[in-house]
Amino acid sequence: MADLNLSEQEIVRRNKLEKYKELGLDPFGSAYMQKDKSSDIKKKYEGYSHEELEEMNVPCQVAGRIMFIRKMGKASFFSIQDREGKIQVYIRKDVVGDSQYDLFKMADIGDIVGIKGSVMKTQTGEITIKCEEYTHLVKALRPLPEKFHGLTDVEERYRRRYVDLIMNEEAKRVAIQRPRIIRAMQEYFDSKGFIEVETPVLQNIQGGASARPFITHHNALDADFYLRIATELHLKRLLVGGLERVYEIGRIFRNEGMDKTHNPEFTTVELYEAYGDLSSMMDLNEGVIRFAANKVIGKEQFKNPFNPEGDLIDISKPFRRVTMCELIKEKTGVDFKENHYTLEEAKALAKEHNVPLEPHFTVGHIINAFFEEFCESSLIQPTFLMGHPIEISPLTKKDPEDPRFVQRFELFIGGHEFSNAYTELNDPIDQRERFEEQMKEKELGNDEANGMDVDFVESLEYGMPPAGGIGIGVDRLVIFLTESTTIRDVILFPQMKTR
């Protein structure tokens, strides 16, 4: 069965397939009753002595992947790994019989097997299964790598996540904790009277955020559609319809760069509360993070995922609240709040402080550019950033005291944005004007500007209640709570460059 493309190990393993068939066994197995989990067995019987377990004769039946083998003469040790972890198995020829022991001797690391037996403790104190019945389930045709979690293998970890999950306990921990964090978020929102809904992924208008979209073609309608860049506009339509408190946890698609905190396909939760505002969104945001942290992880202090050697981040205290202009004044001395700079004056200040500009920039864009240049990276402990310029917030209510700014906050942790919230714009006339301004920006070359959504404006004309709304980056929250370091660690199958 030689093949130039196969390694020696792969050839040896393939040659064994016929031997299994000669024994009347399917080398790729069938269903098996997995009655027990490795972790349950170890936790339950750790406190018993060797003699006590011998007397108790506790039966068990497990299944998993062979991760270690020490073959000896008529008795051997090996370990198997299931979803919960590893457990040692002791197998004796005089207990399982000649045929089963010979079958075991054909096993390779990576094979999947079933073990029926009893719980014992070795002389070194390790909880072990004494095998009484050995069942071959699946032959692994490829050997597992000896090491698969070093820096040199980082790309392969993401490309072959299935191997990463076998070899790397940390990867498995994060994979299991992520859905539990999402369930905790759902539990928290549901307890506050919110309804989870689903809205379209395919949309005929680019809207709800500022981002470059993916474009696809709908053959039946013979029209181009966008993969959604946000769920906002459909969720607000549901407020108009009277659902009052809604949220959606779903995939978002943005045709942009990839780095440690960005993947083109990612997950957010967007939530809208009729009769709420910015203050109620802050309460919800703090509440859901603490609830998920305590429920799933069991603590309120975490490593900074973007600087693991830095100070711990503490979510137990009330989050700081500060405006963008206050921070810029702290860092540069420039006061955009008190001084109503003209566009030319603002451009001159940007040039003086080496802040890069783009052709479509207004004073509001320049304020945001100052914040990104001088302030963003300093927001390590949880901080609600408020007072955004109206130009970068086309769907947000104006600040009644200063219409240059809007009622919005972003939550920053570790110098990165985790959440974005508004007191929602529900004035259809103002909304139409904002869309028109966005269209002008698009004409000036801003590919991320919103399109004109006439149906959404019409929905507002029926009357949308005053509302608060928030979007939370689920992937970044999982990075933080699991103390991972990159978005690729918390997305099971991140986008990768083709080799």
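**Exercise 1. Find the residue that stands opposite I80, and describe the strand pair around it.**

Solution. This is a predicted model. Start at I80: the residue opposite is I87, in strand 3. Next, take the two strands. Strand 2 covers residues 75–82 and strand 3 covers residues 85–92. They pair in the antiparallel sense. Eight bridges link strand 2 and strand 3.

**Exercise 2. Place strands 2 and 3 in their sheet, and give the strand order.**

Solution. Step one: the sheet is a closed barrel of five strands. Step two: read the order, which is 1-2-3-5-4. Step three: check the sense of pairing, which is mixed. Step four: look at the turn between neighbours. On average, neighbouring strands of this barrel are turned by 55° against each other, direction ignored.

Now add a helix. Which strands does helix 5 lie across? Helix 5 lies across strand 1 (59–70), strand 2, strand 3 and strand 5 (127–138). Its angle to strand 5 is about 80°.

**Exercise 3. Work out the order and the edges of the open sheet.**

Solution. Three strands make up this sheet, in the order 7-9-8. The pairing is antiparallel. The edges are strand 7 (202–203) and strand 8, since each pairs on one side only.

Take the pairs in turn. Strand 7 and strand 9 run antiparallel and share two bridges. Here Q203 stands opposite Y226 of strand 9. Strand 8 (residues 215–218) and strand 9 (residues 223–227) also run antiparallel, joined by four bridges. T216 has F225 of strand 9 as its bridge partner.

Finally, the turn. Strand 8 and strand 9 form a hairpin, with four residues between them. D222 sits in that turn and has a positive phi of about 50°.

**Exercise 4. Decide how helix 12 and helix 13 lie to each other: roughly parallel or roughly antiparallel?**

Solution. Two packed helices are described by the angle between their axes and the distance between the axes. Helix 12 spans residues 343–352 and helix 13 spans residues 363–374. The angle is about 20°, and the axes are 9 Å apart. Angles under 35 degrees count as roughly parallel. Helix 12 and helix 13 are therefore roughly parallel. Their crossing is left-handed.

Then list the contact. Helix 12 brings L343, A346, K347, L349 and A350. Helix 13 brings V363, I366 and F370. Sorted by class, the contact residues are seven nonpolar, no polar and one charged.

**Exercise 5. Describe how helix 8 packs on helix 10 and on helix 16.**

Solution. Begin with helix 10. Helix 8 (residues 169–191) and helix 10 (residues 278–297) pack at about 135°, with axes 9 Å apart. That angle makes helix 8 oblique to helix 10. The crossing is right-handed. On helix 8, the contact residues include R180, A184, E187, Y188 and F189. On helix 10, they include D283, G287, F291 and K295. By class, this contact has 11 nonpolar, two polar and four charged residues.

Turn to helix 16 (residues 474–482). The axes of helix 8 and helix 16 come within 10 Å and cross at roughly 120°. Helix 8 is thus oblique to helix 16. This crossing is right-handed. Helix 8 contributes residues including E170, R173, V174 and R178. Helix 16 contributes V474, D475, L477, V478, L481 and T482. The class count is eight nonpolar, two polar and four charged.

Some residues of helix 8 appear in both contacts: Q177, I181 and M185 are among them.

**Exercise 6. Explain why the salt bridge of K16 and D108 ties together parts 92 residues apart in sequence.**

Solution. Side chains of opposite charge can pair when their charged atoms come close. The side chains of K16 and D108 form such a salt bridge, at 3.0 Å from N to O. K16 lies in helix 1 (residues 8–22). D108 lies in the loop between helix 5 (98–105) and strand 4 (112–121). So the pair ties together parts that are 92 residues apart in sequence. As for the total, the whole structure holds 36 salt bridges.

Note on methods
Residues are numbered from 1 along each chain as its sequence is written. This is a predicted model: local features need pLDDT of at least 70, side-chain atom pairs count only at pLDDT 80 or more; totals for chains, interfaces and linings use all residues. Side-chain values use heavy atoms; hydrogens and water are left out. Axes are lines fitted to C-alpha atoms, for helices over the stretch in contact, and angles run from 0 to 180 degrees between N-to-C directions. Angles under 35 degrees count as roughly parallel, over 145 as roughly antiparallel, 65 to 115 as roughly perpendicular and the rest as oblique. A crossing is left-handed if the near helix is turned anticlockwise from the far one by less than a right angle, and right-handed if clockwise. Contact means heavy atoms within 4.5 Å. Ala, Val, Leu, Ile, Met, Phe, Trp, Tyr, Cys and Pro count as nonpolar, Asp, Glu, Lys and Arg as charged, and the others, Gly among them, as polar. Two strands pair if DSSP finds at least two bridges between them. A salt bridge is a side-chain nitrogen of Lys or Arg within 4 Å of a carboxyl oxygen of Asp or Glu.
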